Amino acid sequence: MASILAVTNQKGGVGKTTTAVNLAACLAEMGQRVLLVDLDPQGNATTGCGIVKREAMPTVYQVLIGRSTLADTRLTTDFGFDLLPANRELAGAEIDLIDLGQREYRLREALSDIRGAYHFILMDCPPALNMLTVNGLVAADRVMIPMQCEYYALEGLTDLVATLKKVRAHLNPVLEIEGLLRTMFDPRSTLTQQVSRDLEGHFGAKVYRTIIPRNVRLAEAPSYGKPVIAFDRSSKGAQAYLALAHETLERRQGKQGAGRDGTIAGARA
Ligand code: ATP
Ligand code: MG
């Protein structure tokens, strides 16, 4: 049964898409069956997998409004994982979903049929706390929060944690934080070091050990339509995302182990 992870942060440009695409590729390389869901009308995850977004049809939009099935919409990428693509059309979903019943549950419903076919389903959320993100959070078991270690990041995190609590209270009681991921890390900055320590102080084991450094190869890879391991495997960025994939697998195995022992899954963190 797939672990369903929403990669989310309402703050823009923190590395959500970079994380979703590269984690998908690294997990696939480790033999995991992975589906990446692009939930952002910007379609950056789609482009980053080498798919021309304006030609993608149907997309996750048709799935959400009930005009296509997930099985008919997902594509196979060149990198060993499947993709549910998105493009600008998805921006209309916010309005279209108003008239449809159970609008927060549309993605969850769509994923329920194929959940058994994957080890991981990763969702790349848009930089907003809108109905698309809510669909992602309702469909997810856990959220992965990429963040840059800068002052305003902590403020944004307070809003995000409040939203997660609301979703848990009203829509998805099992939702938990999988982890906070430090991205675009520059160890030379004193502020970065300070914010990083504050994060560890507040969130403890929820903060991933793996830190993603600022690395130009990570920024270049999407323009070639490739995850970084297919673009420059020896780069620091590629090595960091491989380490994150290992840590993600460890956490999944830890959870399954915890389940077998009869302890509450996730109690560790
Ligand atoms: P949005 O909120 O717009 O969806 P995002 O949170 O998905 O943005 P990305 O698109 O992953 O963020 O990253 C923002 C920009 O920073 C992109 O140009 C990306 O290539 C670059 N980038 C991401 N991570 C790194 C990194 N570790 N080192 C250098 N550049 C990076
Ligand atoms: Mg993005």
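This note covers the sheet, two of the helices and the ligand site of a predicted model.

1. Residues are numbered from 1 along each chain as its sequence is written, and chains are lettered from A and ligands numbered from 1 in the order in which they are written. Because the model is predicted, local features need pLDDT of at least 70 and side-chain atom pairs count only at pLDDT 80 or more, while totals for chains, interfaces and linings use all residues; side-chain values use heavy atoms, with hydrogens and water left out.

2. The eight strands (DSSP runs of E, at least two residues, numbered from the N terminus) form an open sheet with mixed pairing in the order β3-β4-β2-β5-β1-β6-β7-β8, where pairing requires at least two DSSP bridges between two strands. At the edges, β3 (75–76) and β8 (207–213) each pair on one side only.

3. Strands β6 (residues 142–148) and β7 (residues 176–185) run parallel and are joined by seven bridges, and Met144 stands opposite Gly179 in β7.

4. Helix α7 (residues 131–139) lies across β1 (3–7), β5 (120–124) and β6, at about 150° to β1, whereas helix α9 (residues 190–203) lies across β6, β7 and β8, at about 170° to β7. Helices are DSSP runs of H or I, at least four residues; contact means heavy atoms within 4.5 Å, and axes are lines fitted to C-alpha atoms, for helices over the stretch in contact, with angles from 0 to 180 degrees between N-to-C directions.

5. Ligand 1 is surrounded by 17 residues, counted when one of their heavy atoms lies within 4 Å, and the closest are Lys16, Thr17, Thr18, Pro213 and Asn215. A nitrogen atom of ligand 1 is 2.9 Å from a polar backbone atom of Asn215, and an oxygen atom is 2.8 Å from an N or O atom in the side chain of Lys16. The protein buries 80% of the 620 Å² that ligand 1 exposes when taken alone, by the Shrake-Rupley method with a 1.4 Å probe.

Notes
Polar contact = N/O pair within 3.5 Å; in protein donor to acceptor, adjacent residues only side chain to side chain.
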